[in-house]
Amino acid sequence: MELWYTDQHTKNVRFSMKVEEQLGTTESEFQRIDILQTTEFGKVLVLDGELMITQKDEFIYHEMITHVPMAVHPNVKNVLVIGAGDGGTIRELCKYDCIENIEMVEIDQKVTEMCMKYFEETACKLKDPRVHMHFEEGLRYVRGKFDEYDLIIVDCADPYGPAEGLFTREFYGTCFKALHEDGILINQHESPYYSEHSRSVQKAHRHITTVFPYSTVYQCHIPSYPSGHWLFGFASKKYDPIQDMDADKWNGLGIKTRYYNTDLHKGSFYLPTYVKELLNQN
């Protein structure tokens, strides 16, 4: 008998992968958490039945959410990461010696505990001395912050359930206040392809543009995510993500990546026409 896991991309589209075994499962006060071993994608993190990351392609997501702002901002020292319970974004940030402090705010401690046990590829830097973990609601945590961070990364689940408050105008305004005068905000922005997701893209982008003077979107290809076409939001008080990107400086750091590079950095901001039209619709 074969066992298959199916991720519901939309009401009419499903994505399935063959499962070899269930490595672990638990229930938190927020959701069910499963770690599966699959044949093609390796280990897979699933929350309430929805795929979060896979061992095979998580590096794409985590590199693009991290290295794009790090190649633009000249002096990141203090970082706030909201979500990121699997640890992949923290792993990428820890590659930078310039970073002095990383605050990770994850609502569900059991997600992090499960990943530290079963997903060591992403959770390997959570015990770095620069990392300080807080298990609480992200919006509540950032409300009390003012002029504290060089970079805020919102690495959360889809805008439903526990993560819903992280896609509101109030939240983006709170992040604006928490950033230094040259701070950058990055957030995962969903897929523009399916209509069920594209509405979330529009809404989030509209909220961010009302708050930040510089606001745009960039893209990457993640095979296991809905449609494979994924967006991130880039917002800043000062920096243009293309004009202010210092390729020579970033390349001189010698940071090893599998997806991100400074040529791709520029290209990721050149969007397909249908995405431009989506973002410009009222």
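This report walks through two sheets, a helix, the nonpolar cores and some aromatic contacts of a predicted model.

**The five-stranded sheet**

Let us begin with the open sheet of five strands, which has the order 1-2-3-4-5 and antiparallel pairing. Its edges are strand 1 (3-8) and strand 5 (50-54), each of which pairs on one side only. On average, neighbouring strands here are turned by 50 degrees against each other, direction ignored. Helix 3 (residues 109-118) packs on this sheet and touches strand 2, strand 3 and strand 4 (42-47). The direction of helix 3 makes about 100 degrees with that of strand 2.

The pairings can be followed strand by strand. Strand 1 and strand 2 are antiparallel over six bridges, and they form a hairpin with five residues between them. Strand 2 (residues 14-27) then pairs with strand 3 (residues 32-38), again in the antiparallel sense, over seven bridges. A hairpin of four residues makes the connection from strand 2 to strand 3.

The table below lists bridge partners from this sheet and from the seven-stranded sheet described further on.

| Residue | Opposite residue | Strand of the opposite residue |
|---|---|---|
| Thr6 | Ser16 | strand 2 |
| Gly24 | Ile35 | strand 3 |
| Thr26 | Ile33 | strand 3 |
| Leu185 | Ala235 | strand 12 |

**A residue in the hairpin loop**

Gln31 is worth a look while you have this hairpin on screen. Gln31 sits in the loop between strand 2 and strand 3. Is Gln31 buried or exposed? Its relative accessibility is 11%, so Gln31 counts as buried, the limit being under 20%. Among the residues that Gln31 touches, leaving aside those up to four places away in sequence, are Thr26, Asp48, Asp108 and Val111. Leu47 is another contact of Gln31. Gln31 and Leu47 are 16 residues apart in sequence, and their C-alpha atoms are 6.5 Å apart in space.

**Nonpolar cores**

The largest nonpolar core has 59 residues, and Leu45, Leu93 and Leu151 are those with the most contacts inside it. Helix 1 (residues 58-70) gives the largest share of this core, seven residues. Leu45 has contacts with Ile33, Asp34 and Ile35, and also with Glu50, Leu51, Met52 and Ile53, where residues up to four places away in sequence are not counted. Asp86, Cys115 and Phe119 also touch Leu45. Apart from the largest core lies another one, of 20 residues, which includes Val154, Cys156, Phe171 and Cys175.

**The seven-stranded sheet and helix 7**

Seven strands make up an open sheet with mixed pairing, in the order 8-7-6-9-10-12-11. At its edges are strand 8 (131-134) and strand 11, each pairing on one side only. The twist from one strand to the next averages 15 degrees. Within this sheet, strand 10 and strand 12 pair in the antiparallel sense over five bridges.

Helix 7 (residues 195-209) is 15 residues long and spans 21 Å from its first C-alpha to its last, close to the 21 Å expected at 1.5 Å a residue. Which residues of helix 7 are buried? They are His197, Ser198, Ser200, Val201, Gln202, Ala204, His205, His207 and Ile208. The cover over these buried residues of helix 7 includes helix 6 (169-178) and helix 10 (273-280). Strand 10 (179-188), strand 11 (214-221) and strand 12 (229-236) also take part in covering the buried residues of helix 7.

**Aromatic contacts**

A search of the whole structure finds 12 aromatic pairs. Phe176 and Phe212 form an edge-to-face pair, 5.1 Å from centre to centre and with 70 degrees between the planes. This pair links distant parts of the chain: Phe176 belongs to helix 6, while Phe212 lies in the loop between helix 7 and strand 11, 36 residues apart. How do the two rings' residues rank by exposure? Phe176 counts as partly exposed because its relative accessibility is 26%. Phe212, at 3% relative accessibility, therefore counts as buried.

Finally, one aromatic cluster brings together Tyr61, Tyr218, Tyr225, Trp230, Phe232, Phe234 and Phe269.

How values were computed
Residues are numbered from 1 along each chain as its sequence is written. This is a predicted model: local features need pLDDT of at least 70, side-chain atom pairs count only at pLDDT 80 or more; totals for chains, interfaces and linings use all residues. Side-chain values use heavy atoms; hydrogens and water are left out. Helices (H or I, at least four residues) and strands (E, at least two) are DSSP runs, numbered from the N terminus. The expected span of a helix is 1.5 Å times one less than its number of residues. Buried means under 20% relative accessible area, exposed over 50%, partly exposed in between (1.4 Å probe, protein chains only). Contact means heavy atoms within 4.5 Å. Two strands pair if DSSP finds at least two bridges between them. Axes are lines fitted to C-alpha atoms, for helices over the stretch in contact, and angles run from 0 to 180 degrees between N-to-C directions. A nonpolar core is a set of buried Ala, Val, Leu, Ile, Met, Phe, Trp, Tyr and Cys residues joined through side-chain atoms within 4.5 Å. Rings of Phe, Tyr and Trp (its six-membered ring) pair if their centres lie within 6.5 Å; planes under 30 degrees apart count as stacked, over 60 as edge-to-face and the rest as tilted.
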